[in-house]
Each structure stands twice: as structure tokens, then as C-alpha cells.
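Trainee: I have a structure open and want to learn how to read it. Where do we begin?

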Amino acid sequence: MIRVIIIDDEPLAREMLMFNLELHKEVIIIAECENGFDGVKAIQEHSPDLVFLDIQMPKITGFEMLELIDKIPEIIFCTAYDQFAIKAFEKNAVDYLLKPYSQERFNEALIKAYERIKSNSDNNSIARLKESRELGPLTRIVVRTGSKIDIIDIEKIVYIEAADDYVTIHSDGRKFLKQMTMKYLEDHLPSREFIRCHRSYIIAIGQLKKIEQFEKDSHLAILHSDEKIPVSRLGYGKLRSLLDF
Amino acid sequence: MDHPFLLNANRYYFITMWVAISAAHIFLLRYFFETSMDLAVADSLSFNILFAGLSFSYWFAVRFSSNLSPTFAMINHIVGGIFIVGLCFFLSNYFLNQYFNITSEYTATLMPVKLFAGLFYYTVIVLIYYMVKYYFDLQEKINSESRLAAAVKEAELNMLKFQINPHFIFNSLNSISALTLNKPEKARDMILKLSDFMRYSVKNKQEEIGNLTEELKNIMLYLDIEKVRFGDKLDIQMDISPDAETCQLPNMILQPLMENAIKYGVYESTESSMINLIAKLADGILHIEIKNSFDSSGVPAKGQGIGLKNVSHRMQLIYDRDDLTNVYRNENLFIVTLKIPQIPSA
């Protein structure tokens, strides 16, 4: 028995998926969600074997949704047109269905999913799915704390601090913990607005008040909130070239 | 490039000028040298007609020399000048010798005057030619520049025009695909609406201005299709005053605004959302207001406002004013207003 969740914001698109699944008696649909919030909740609660996932949805996209899930099931993406997204998940997803699709194409994707579920291989493609978001700079970051989901506007981020496998995002007077690498953030945050001033810190340029000498080889960045962030020698060089002093 | 002395009334000025010069020539001969009337007329006409003819054709030499380097052009004109003046003098003298009994003293006395006058005419004419040529070139440049500016503007306008969003097309096709399963009537209805919508947007690629009724008909098609996709999540109210219906506006200008409203009102919202369209005519200006509710807790994904920017840029290009598009936003309302000047019926 394969347990499936369908996540799509359009009722007719969900209807289409259910129609295609009807022929497969070994499949049981345990939940049907119309947005990413409900999707996260349903996946966490039911741990399904397979999820049919749309990408463009209200509030959070299919990709952002995956970032919030502890144990990612097999995913078949269903999308209408998303040239960048297709590139991104071609490598990592079980399969992707371009809407509209035929019953044959649907069956093909489902068979691929069966094989993956049977072999139960915990391969790293699942892990990579977490980072397979749309290309281009980040405009927001989605964070889950317990059952609560926050969407952080990157314009409100003050600084980001590394914490083992996680990062702590300081934004709008609050702290958010997120499983993400500093490298990923450094590469995807807009490079004119954020700078990695230290191995463990990324600061928003707009939040910077002044830079002070700390020790012989290091500096301190003082933010408008009067918080003090260490600046490495390398980070100081980056700051100088970006701010031109 | 035509000969400047053949353009419009210039030929008459050219002839008048040479008649005046010839008359002056006759007068000078009669007054200072007391020649006979016959000789004075023959001398003047033989020299001046020859000179007028040769200098007339010299235009082509000036045109040709514009391809040469300045030094070569200068040598060209000096040699040309000496040749033309010399030729006129000798031919005219030869003619006078044939028919009149002139003394060598007469020839010798007049030679420097004639040569000097010839060089003077020649210089003036070459300068006129150069000025004309410069003027022609300038005109040509201004013309090609304005042609280029018009082409750039047209290309820009074409680029800013609404393009059907592929995301919308494929999602609509997917909805149709789902409807064929057990609601074939609705599927057919949606196919018809989608084709009408696409036909309108393809047709209007060519034209710039349309009227509000047509535009609203198309907007309704679009909204009907979206309603099938999103059901009662979409609540639309329209308030169109009767005198606004025949107003003119740029084709497909409302489409991107509606799309924006739906994108941030419906696509990004989990609740149902309201879209309100008001159109009225006041003081010869069509006022349009599109208002949509949005969820202020949401953080918009990327790509925000490109449709809006294109609309505002297009309005600016068409009407040459930058105060026609306005955007207001408060906690949970997003309002775009357009002011569209109505050109008095031409």
C-alpha cells in the first residue's frame, strides 16, 4: 500500500490527480491540501510515502515547503510552466509532470516512484531536494518553529549567525532557527545587500552603523541595534571593497 | 541629392543673379572703358554665360570632393578654379577676337579684372555649394535620427505590450483537461473563452488604442477562466459609468493590472479575495481604479511589479506624461489608478 498526499491550490488540478490515481488500487490518498501550510502539517503528521506537489502556491512555494519538512518523502512535482524550476528539480525529484499530462505519462511517474519506495534507498537526492529551489536571488526565507510557519522578508533581516548545521536568523527583533548552510545563504542572498563578514556571520549592509578596530587583526561591526558582530580580516577586506573606504 | 539651383524657385534666383552680374559687367565696360554697346554686351555675355554654365556643373565636383580628404579637396578646388576661370577668359577672348576688332591693349587691361572677378565668383559659388551640401547632410541626419527614434519607440511599445503568461495558459489547459473527465460542457465553454481571450490579445498586438467596452469584454473572459480555476476564491465587482464605455484607452492596458491583482490577491492568498474595478469619465479624462485586497502577512515572492512598471512606462510613451499611473498601498488594500486623456474626437 502506498500512502499519498496531494498538494495543489487549484481544485481542478487536484481532481485530475485523483482521477489518474483511481486506476491504481494499491494507492491510498490520505490527504488533499490546497496550500503549502496545510501541506507541511499533513506531511509531518502522516509521513506519506509519496507527495504530488505543485510549485506555485499561495504564501509558500512547493520548494519552500520542502525546506520545512524533517523527513522528506518521495516527491513528484506537478507544474504548468516553470523553466527555472524544471532545471532545478530535474536532477533531484523522482519525476515531474508538466500540466496538462496524459494518463500514460502519469503512470510512468508513478512506477518510478514505486521503485524508489520499494528499494527504500535513503539516497542523498532527497537531501538535495531541500536546496533545489528556483534559481535567482532569495527574496524571502521560510522558517518552521514547531507547527508555526514564519515567512521572513529578507529586507528585514539584521544578521545571520551560524549554529552547527543550522543558522540563526535575526530579523525584526526576533530569532529564527533554520536548517541551512552559510555557504548557501552567502551565494543566494543579494550580494549588494548582505556580506559575510566572518566565517560565522552574515550582516545586512543597511544595518551597519560603524566599524571599530578590535584586536590587531580583527574588527567589530556595530549595528544600528548596537549589537556587535566580529569581522575577520577577510571580511574586513570584503567590506572595504563593497563600501569603498 | 538634386542640384540645389534646380530646387523650387532657386533656378530663378540663379538666373537673376547672372543677369545682374552681366548687366553690371556691361555697365562697367561702358562707363570706365567707354566701349561700344555691341562689344560690351558681347564681352559680358560670352564671359558670364560660359562661367554660369561651368560653375553650375561644378556642383558635381563639390559633391564628389566630399569623399576626398580635406587636402585633396582643396587641391581639387584650386586646380578647378584656375581651370574654369582660365577657360572662360580665353574662350570669351577668342570669341571677341573673331567678331570684334579689339586691341591687345583692351585684352591686357581687362585681363586682371576678369580673372579677379572670375575667381571671386568661383569662390562664392563653391562656398554656397558647401553650405548647401552641409545643410542637406544635416537634414538627412535629422531625418534619419527621428526615423530611428520612432523605430525605437515602436519597438519599446511592442515589448511593453501584454504577453500572455505561459503559466496561465498551461494551468488553464490543465483545468480543461480535468473538466473533460465529467463536465464536458464546461470544458467546451472554457475552451471557447480561452480562444476568444487569445484571439483578442493576438489581434491587438498590431493596434495601439482601443475602447473600454472591448477591453472589459476581454477582461471578463480572463476573469471567467480564472474563476473556473479558483472558484469562489475570486470575488469581482465592476462599476462602469455609461459615459466611460466608449472611452479610448491603450489596448491590453488593464490586463496586466488585473493579472497583478489576481496574482497578489488570489494566487498568494489562502482566503477569498475581492477585486474592484471602477471606471468613470471626468473633464475629458477616463479615470480607472483597480482595487484588490491582499493578505498583509504574506511576503511577496520575486517578480513583483514588472507588469505594473510596464503599464506605467507604456502610458508614459503613449501620452508623453509620467503622472498618469498611480499606485497606493495600505495595510490590506492595493490600488492602482490610471488617468487616460481622451483625445477630442478627430
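Mentor: We will go through a helix pair, a sheet and a salt bridge. Keep in mind that this is a predicted model.

Trainee: How do I describe two packed helices?

Mentor: Two packed helices are described by the angle between their axes and the distance between the axes. Now take chain B. Helix H4 (residues 104–160) of chain B packs with helix H9 (residues 306–319) of chain B at an angle of about 150°. Their axes are 9 Å apart.

Trainee: Are H4(B) and H9(B) roughly parallel or roughly antiparallel to each other?

Mentor: H4(B) and H9(B) are roughly antiparallel, because angles over 145 degrees count as such. The crossing of H4(B) past H9(B) is left-handed.

Trainee: Which residues meet in this contact of H4(B) with H9(B)?

Mentor: From H4(B) come B:Lys153, B:Glu156, B:Leu157 and B:Leu160. From H9(B) come B:Asn310, B:His313, B:Arg314, B:Leu317 and B:Ile318. Sorted by kind, the residues of this contact are four nonpolar, two polar and three charged.

Trainee: Next, the sheet. What is the order of the strands in the open sheet of chain A?

Mentor: Read across the five strands: E10-E9-E8-E12-E11 (chain A), with antiparallel pairing. Strand E10 (174–179) and strand E11 (194–198) of chain A stand at the edges. Each has a single partner strand, so one side of each has no neighbour in the sheet. On average, neighbouring strands of this sheet are turned by 20° against each other, direction ignored.

Trainee: How many bridges join each pair that I should look at?

Mentor: Strand E9 (residues 166–171) of chain A pairs with E10(A) over six bridges, in the antiparallel sense. There, A:Val167 has A:Lys178 in E10(A) as its bridge partner. Strand E8 (residues 157–163) of chain A also pairs with E9(A) over six bridges, again antiparallel. E8(A) and strand E12 (residues 201–204) of chain A pair over three bridges, antiparallel too.

Trainee: Which bridge partners does A:Glu161 have in E9(A) and E12(A)?

Mentor: In E9(A), the partner of A:Glu161 is A:Thr168. In E12(A), the partner is A:Tyr201.

Trainee: What lies between E8(A) and E9(A) in their hairpin?

Mentor: Two residues lie between the strands of that hairpin. In the hairpin, A:Asp164 takes a positive phi near 55°.

Trainee: Last topic. How many salt bridges are there over all chains?

Mentor: The count comes to 29 over all chains. Among them is A:Arg14 with A:Glu32, whose closest N and O atoms are 2.9 Å apart. A:Arg14 lies in helix H1 (residues 11–22) of chain A, and A:Glu32 in strand E2 (residues 27–33) of chain A, so the pair ties together parts 18 residues apart in sequence.

Note on methods. Residues are numbered from 1 along each chain as its sequence is written. Chains are lettered from A and ligands numbered from 1 in the order in which they are written. This is a predicted model: local features need pLDDT of at least 70, side-chain atom pairs count only at pLDDT 80 or more; totals for chains, interfaces and linings use all residues. Side-chain values use heavy atoms; hydrogens and water are left out. Axes are lines fitted to C-alpha atoms, for helices over the stretch in contact, and angles run from 0 to 180 degrees between N-to-C directions. Helices (H or I, at least four residues) and strands (E, at least two) are DSSP runs, numbered from the N terminus. Angles under 35 degrees count as roughly parallel, over 145 as roughly antiparallel, 65 to 115 as roughly perpendicular and the rest as oblique. A crossing is left-handed if the near helix is turned anticlockwise from the far one by less than a right angle, and right-handed if clockwise. Contact means heavy atoms within 4.5 Å. Ala, Val, Leu, Ile, Met, Phe, Trp, Tyr, Cys and Pro count as nonpolar, Asp, Glu, Lys and Arg as charged, and the others, Gly among them, as polar. Two strands pair if DSSP finds at least two bridges between them. A salt bridge is a side-chain nitrogen of Lys or Arg within 4 Å of a carboxyl oxygen of Asp or Glu.
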